[in-house]
Amino acid sequence: MKTPPRDKAVNDSNDGSDRRHPEFYVMTRRGLLRAGVLVAASGTILLALPGCGGPTGAPAAGSSSAPGSTAASTTASISPAASSGAPKTTKPGEKIRIWFSDTFNKKTDQAIIDTYKEWGQANGIEAEAIVIPTSQMEPKVAAAVEAGTPPNIIHTNAAYWHSKDQVEDVSDIWNKIKDLEGGLYDVCRTWVTFDGKQWGIPFAINTWPIVGRKDIIEKFAGGKMPATWDEFNEMSARAQKPPLTYSWGICLGRVTDSHYNIARFIMTYGGHVVDKDGRTVTFKSEGTVKAFQMLETQFKKFKIIPPDSLGAPDNAWNNQAYQKKRVFFVDNPSSIWGWLVVNDPELAKNTDHYQSPAGPAGSVTLVDNWAFSVFKKAGNVDKAKEALLYFSQPEQQKKINVAVEGRWWPIYRNFGKLPMWDKMPEFKHFGDWIETARIFSDQGPPTPAAYEVINTFVLPDAVLKMLSEGKSAEEAVDWGDRKIKEIYARYYK
Amino acid sequence: MAAVVAQRSRDRRAPAWVRPVVYVALTLFVLWSLTPFYWMLVNAMRTDKEIYDYETPLYPAHLNFNHFKELTEGYFFGYMRNSGEVALLTTAFSITIGCIAAYAMTRLRFRGRDTLARSLVFSYLVPSALLFIPMFAIIFRLGLANRLSSLTLVYLTFTVPFCTWMLVGYFKTIPYELEDAAAVDGCSRLGTLFRITLPLSAPAIVVVALFSFTLSWNEFLYAMVFINDDHAKTVTVGLTSMVALDVFFWGRMMAGAFLVALPPVLIYLLAQRWVVQGLTGGAVKG
């Protein structure tokens, strides 16, 4: 029987190796044992390191902030230590955990962290605010809630978690702040109100203007953004040079932004996904069909939408497409402008925010809100609400909004008049637009059903049926109407 | 005789066209493998504006190391250290437990041995997307949330079954007679394992070590869910933190991705001799 080469490794040399097979020469049993001991020792040492064996020894982000930022506010409507007015010693084990999505701006993230920490220090409670990248938020929150260990305060989808009975009614906080500093915008109420109560407190209004090129408007539209979609189409067709450049970076593929883009487009034609009651599906309407027909015209006749927009790569419709100058106009939040200011100042100077061209139902501004909700199962609900109340006070919001540098619009009307906005003329109309702005669920509240319509891409799928599968606008709308009704039927029987 | 051998050698020689075809195929394969590295490096050395420029050449217009510098200003190398700690610990424990378990399954007779061996494969096949929520619940209750040791603990749940399963196949190829001879000479069971079996299994151990290391180094889902503290994040999660909403910091990400890819590549290069032997050994005899 032929012996496998490995068997020859049975030693006949003094050092325990088989010289006929050099591959084993360096891997002697002594060597292996030594390596094992070394690895075990390393493991023990590593386990003893603060970063590995225990809670990380390094301070949490923001913990090294300047003392000035954590001093108790003297001018706030509600001081951090509401009861005594003086900082207290932290009670061991008492902790309020806060998760929020990154804001694109490190100064803003830090301001949010510092505000909660300030409250915690004044109340003798550790307030740990953590920035979670947006893409990681949903799975993390889902895991934490399922495990019964959600953080106390989360920047999340209040409607969804209210439907799961996870979030606390925060109407009391709402009522205390709603009339301060010129009052909160109406759209804030719409965003967090269900069943007549508030389930979250907004801290930012994320506006979706049309981000566009000044030079194109100057050269091809006489310096004024086209007032209607028909004028927009004509200007666009003259300005673009496909396939290198396209005018209209609307998102039509299977990503959530498509819903925002298409929903706003439909609204300008008087179409609505649901009625004001938030339950009756009204997608199938003359307005929606006309909006679909106009999209088809833009895509097939004027060819002003990049063809790959149907596949939804970032390159066709979003920040990247605009930053690469592949498209002239996009329907997206002002994060684009923020990036340009830092990375492409020349294009930033040549960029402005516009209201959408009008359809038969006029022009529409779409916004979403960022809001904090208090989670019941986290415990310490009263303290969490105190922290949220402190965070939502005008004094704190003002500090945060100054740090934001235009990334979002403040929730208090008067803060739209802060001197900082004078330096940013690109935002001068935001306050007016938000007064009449709508949210993605249009007439109704942002219910879980409305979120499911977004997350299952019904609107982009309906558009794809028309533009990709050759269905007529009526057929595509009919298909979308059926799908939306199926979703709503599951929630409202 | 020599003439016959030469004639056979000529007969066996491949046609003339084979060599160029092989070289072309190998060149394509090398390009296929190296292009991602090249592209990462090129974009890491471009400014953000150049990355977004419409007409961007396939090479950097000038060398710009700002993105690498940005990484040093952040906590990126802390993420690398965290990943290294987790990957090394997981590897060490996986090998230790895997070797002992595989040895028991190949050399000891006990009830349920075959079932246990089969269940190893099944436990390895359960996707982490199904497990991350229950795992998080367990980790939280153990008080390990936000600690790197939680990752090591969870990674072992899929590295140990695989390592054991692979080592079982390899251990079976080692003749029992060697161990019998050792026993006759007075070697204990553990002594046999450490003095006979493990040294002979070095290639397989290297392969499972590499597997454990790369799997732990690259893992994302558990690391994302279990760890919140920025200073305890692993590098895969740290990289995705460079996407803020829908804004991608491509230059920094590419610089980071290039650095992240280096350790596994270097380890593979250093250990490739054993890797090839271990993999082919397992393939033929496993």
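In this predicted model, A:Arg213 is tucked away as a buried residue, with a relative accessible area of 11%. Its salt-bridge partner is A:Asp215, and the closest N and O atoms of the two are 3.0 Å apart. A:Asp215 itself is partly exposed, at a relative accessible area of 31%. The cut-offs put these two in separate classes, because buried means under 20% and partly exposed covers the range from there up to 50%.

That pair is part of a bigger set: over all chains, the structure holds 22 salt bridges. Side chains of opposite charge can pair when their charged atoms come close. Another case in chain A is the salt bridge between A:Asp478 and A:Lys284, at 2.8 Å from N to O. Here A:Asp478 sits in helix α23 (residues 473–491) of chain A, while A:Lys284 is in the loop between α12 (256–267) and α13 (286–301), so the bridge ties together parts that are 194 residues apart in sequence. As for solvent, A:Lys284 counts as exposed at 51% relative accessibility, whereas A:Asp478 comes out as partly exposed at 26%.

A:Asp186 and A:Arg413 also form a salt bridge, with 3.7 Å between the closest N and O atoms. The two ends belong to parts of chain A that are 227 residues apart in sequence, so this pair too acts as a tie: A:Asp186 is in helix α9 (residues 186–192), and A:Arg413 is in the loop between α19 (394–404) and α20 (430–435). A:Arg413 is partly exposed, at 22% relative accessibility. The pair doesn't stand alone, as A:Glu435 joins A:Asp186 and A:Arg413 in a network of salt bridges.

Over in chain B, helix α5 (residues 76–107) packs against helix α11 (residues 202–218) at an angle of about 145°, their axes 8 Å apart. The crossing of α5(B) and α11(B) is right-handed. Residues making the contact include B:Met80, B:Ser83, B:Gly84 and B:Ala87 on the α5(B) side, and B:Ile205, B:Ala209, B:Phe213 and B:Trp217 on the α11(B) side.

B:Ser83 turns up again around B:Thr234, whose contacts beyond its neighbours within four places in sequence are B:Tyr79, B:Asn82, B:Ser83, B:Leu148, B:Leu151 and B:Ala223. B:Thr234 is found in the loop between α12 (221–226) and α13 (235–240) of chain B, and at 4% relative accessibility this threonine counts as buried.

The surface of chain B has a greasy spot as well: B:Tyr38, B:Trp39, B:Leu58 and B:Tyr59 make up a nonpolar patch with about 470 Å² of accessible area together. Of these, B:Trp39 lies in helix α2 (residues 18–44) and is partly exposed, with a relative accessible area of 36%.

Definitions and conventions:
Residues are numbered from 1 along each chain as its sequence is written. Chains are lettered from A and ligands numbered from 1 in the order in which they are written. This is a predicted model: local features need pLDDT of at least 70, side-chain atom pairs count only at pLDDT 80 or more; totals for chains, interfaces and linings use all residues. Side-chain values use heavy atoms; hydrogens and water are left out. Patches are made of residues with over 30% relative accessible area and no salt bridge: like charges are joined within 9 Å, nonpolar side chains (Val, Leu, Ile, Met, Phe, Trp, Tyr) within 5 Å. Accessible areas come from the Shrake-Rupley method with a 1.4 Å probe; for residues, only the protein chains shown count as cover. A salt bridge is a side-chain nitrogen of Lys or Arg within 4 Å of a carboxyl oxygen of Asp or Glu. Helices (H or I, at least four residues) and strands (E, at least two) are DSSP runs, numbered from the N terminus. Buried means under 20% relative accessible area, exposed over 50%, partly exposed in between (1.4 Å probe, protein chains only). Axes are lines fitted to C-alpha atoms, for helices over the stretch in contact, and angles run from 0 to 180 degrees between N-to-C directions. A crossing is left-handed if the near helix is turned anticlockwise from the far one by less than a right angle, and right-handed if clockwise. Contact means heavy atoms within 4.5 Å.
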